[in-house]
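User: I am beginning to study protein structures and would like to work through one example by question and answer. Please let each answer show its reasoning before the result.

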Amino acid sequence: MIFVENEPNNDPRVNLAIEEYLIKNIAPKEDILLFYINQPSIIIGRNQITVQEINVDYVEEHDIIVVRRLSGGGAVYHDLGNLNFSFIAPNAPENFHNFRKFTQPVVDVLNEMGVPAELSGRNDILVEGKKISGNAQYVSGARMVSHGTLLWDTDLSQVEAALKVKPAKFESKGIQSVRSRVANITEFLPPNPPDIMAFRQQIVEGVFGGGRVDEYVLTAADWDEIHKISQERYFSWDWNYGRSPAFAINRETRYDGGTIEAWLDVSKGGVIKQIRFFGDFFGQREVSELEEALQGKLYQPSVLETALEGMNVGDYFVNFSEAELLDLLY
């Protein structure tokens, strides 16, 4: 087992790039342990529809980073109170889909701390019925990753707010998250628990059996490649939003001028294939003009805003503003 320090870095787009770089380039015959702590962010599962998982308005208002990971599973909220661990190992039958193998060292450390943690179901660690860790896996060639979260002292109010999605009807092949009752590990510890880095060290010692820790130090050349991966994938709107499975979405709003329903058919590339407006609203112009202006555009707030430039939304929906329309659509 080799330990890799991320030096430290709190940007999830860089930390996921470190993980991807390690699985493809470093110590191909060794197991690797990586930890990272992210600034406020939402990490979307590979097969999820991003806008189906996040509270867009809240995320933008609070500068929460949204990034898609390579593994499946559901969306999770990260902040500086959440410790993430990643085991990189050979893609062998005894490893893939064996969550117990990779979570047991963590569970053992928690038990030694007096926290009655246990692996429950396929991939969650629970304490007294509450989820403190979710785990996921993915394969890349001859290697695989098993990574998970550990809610140490996360702002749980942020979790609820950031993942509370606008009411809407979706039709898609996306994998929707199942929300569980969650708790912080510190809730089950005596007052004045250790800080998150001390907790991390306890897990490191548990994984290495209290013996020598072999460490690989990332070089300048490694970091160059990591930042390249980060920019090309994890900073990309196309990866984080546009790679969502194709979906149809219906949103509705009521206002002083009546009711407006927006029906959108969005392609896998995040392009609006078709959009239709219905309702008992009044307008001076044909709403089909508005539909034509938006059709073929990326389903992205800034792109939709640009498409509406020069158009008076109130001409199509009396007493309804451009800002209200954008809020309805996204």
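User: Where is Pro8 placed, and is Pro8 exposed or buried?

Analyst: The model is a predicted one. Pro8 lies in the loop between strand 1 (2-4) and helix 1 (12-25). Its relative accessibility is 67%, and a residue counts as exposed when this value is over 50%. Pro8 is therefore exposed.

User: What separates the C-alpha atoms of Pro8 and Ile37 in space?

Analyst: Along the chain, Pro8 and Ile37 are 29 residues apart. In space, the separation of their C-alpha atoms is 8.3 Å.

User: How many helices and strands does the protein have, and what share of its residues counts as buried?

Analyst: The protein contains 11 helices and 15 strands. Its C-alpha trace spans about 75 × 45 × 35 Å along the principal axes. Of its 330 residues, the share that counts as buried is 52%.

User: What part of the contacts with a separation of 6 or more joins residues 24 or more positions apart?

Analyst: Contacts here are those in the protein whose partners have a sequence separation of 6 or more. Among these contacts, residues 24 or more positions apart account for 71%.

User: How far apart are the mean positions of the positive and negative charges?

Analyst: The protein has 30 positive and 48 negative charges. A mean position is taken for each of the two groups, and the distance between these means is 7 Å.

User: Which kind of aromatic pair do Trp152 and Phe199 form?

Analyst: The count of aromatic pairs comes to 12. In the pair of Trp152 and Phe199, the centres are 4.3 Å apart and the planes make an angle of 15 degrees. Planes under 30 degrees apart count as stacked, so the pair of Trp152 and Phe199 is stacked.

User: Why does this pair tie together separate parts of the chain, and how many residues apart are they in sequence?

Analyst: Trp152 belongs to the loop between strand 10 (143-151) and helix 5 (156-162), whereas Phe199 belongs to helix 6 (residues 196-207). The pair therefore ties together parts whose distance in sequence is 47 residues.

User: Are Trp152 and Phe199 buried or exposed?

Analyst: The relative accessible area is 3% for Trp152 and 0% for Phe199. A residue counts as buried when this value is under 20%. Trp152 is therefore buried, and Phe199 is likewise buried.

User: What is the arrangement of the rings of Trp237 and Tyr241, and by what are these residues separated in the helix?

Analyst: The ring centres of Trp237 and Tyr241 are 6.0 Å apart with the planes at 5 degrees, so this pair is stacked. Both residues lie in helix 8 (residues 237-242), 4 residues apart. Their separation is therefore about one helical turn.

User: Over which rings does the charged end of Arg233 sit?

Analyst: The charged end of Arg233 is 5.8 Å from the centre of the ring of Tyr234, over which it sits. The charged end of Arg233 also sits over a ring whose centre is 4.7 Å away, that of Trp239. The rings are thus those of Tyr234 and Trp239.

User: Which residues are linked into a cluster by ring pairs?

Analyst: Ring pairs can join several residues into one group, and here they form a cluster. Its members are Tyr255, Phe277, Phe281, Phe317 and Phe320.

User: What is the phi of Asp63, and what is that of Asn192?

Analyst: Most residues other than glycine have a negative phi. Asp63, in the loop between helix 3 (56-61) and strand 4 (65-68), has a positive value. Asn192, in the loop between strand 11 (169-172) and helix 6, also has a positive phi without being a glycine. The values are near 55 degrees for Asp63 and about 60 degrees for Asn192.

User: Which residues does Glu128 contact beyond its neighbours within four places in sequence?

Analyst: Glu128 is in the loop between strand 8 (124-127) and strand 9 (130-140). With a relative accessible area of 61%, Glu128 is exposed. Leaving aside those sequence neighbours, its contacts are Pro116 and Phe188.

User: Which residues does Phe278 touch, not counting those up to four places away in sequence?

Analyst: Phe278 is part of strand 15 (residues 272-279). At 44% relative accessibility, Phe278 counts as partly exposed. Once residues up to four places away are set aside, Phe278 touches Thr259, Ile260, Glu261 and Trp263.

Methods. Residues are numbered from 1 along each chain as its sequence is written. This is a predicted model: local features need pLDDT of at least 70, side-chain atom pairs count only at pLDDT 80 or more; totals for chains, interfaces and linings use all residues. Side-chain values use heavy atoms; hydrogens and water are left out. Rings of Phe, Tyr and Trp (its six-membered ring) pair if their centres lie within 6.5 Å; planes under 30 degrees apart count as stacked, over 60 as edge-to-face and the rest as tilted. Helices (H or I, at least four residues) and strands (E, at least two) are DSSP runs, numbered from the N terminus. Buried means under 20% relative accessible area, exposed over 50%, partly exposed in between (1.4 Å probe, protein chains only). A charge sits over a ring if NZ of Lys or CZ of Arg is within 6 Å of the ring centre and within 35 degrees of the ring normal. Contact means heavy atoms within 4.5 Å. Lys and Arg count as positive and Asp and Glu as negative; His and the chain ends are not counted. The place of a charge is taken as NZ of Lys, CZ of Arg, CG of Asp or CD of Glu.
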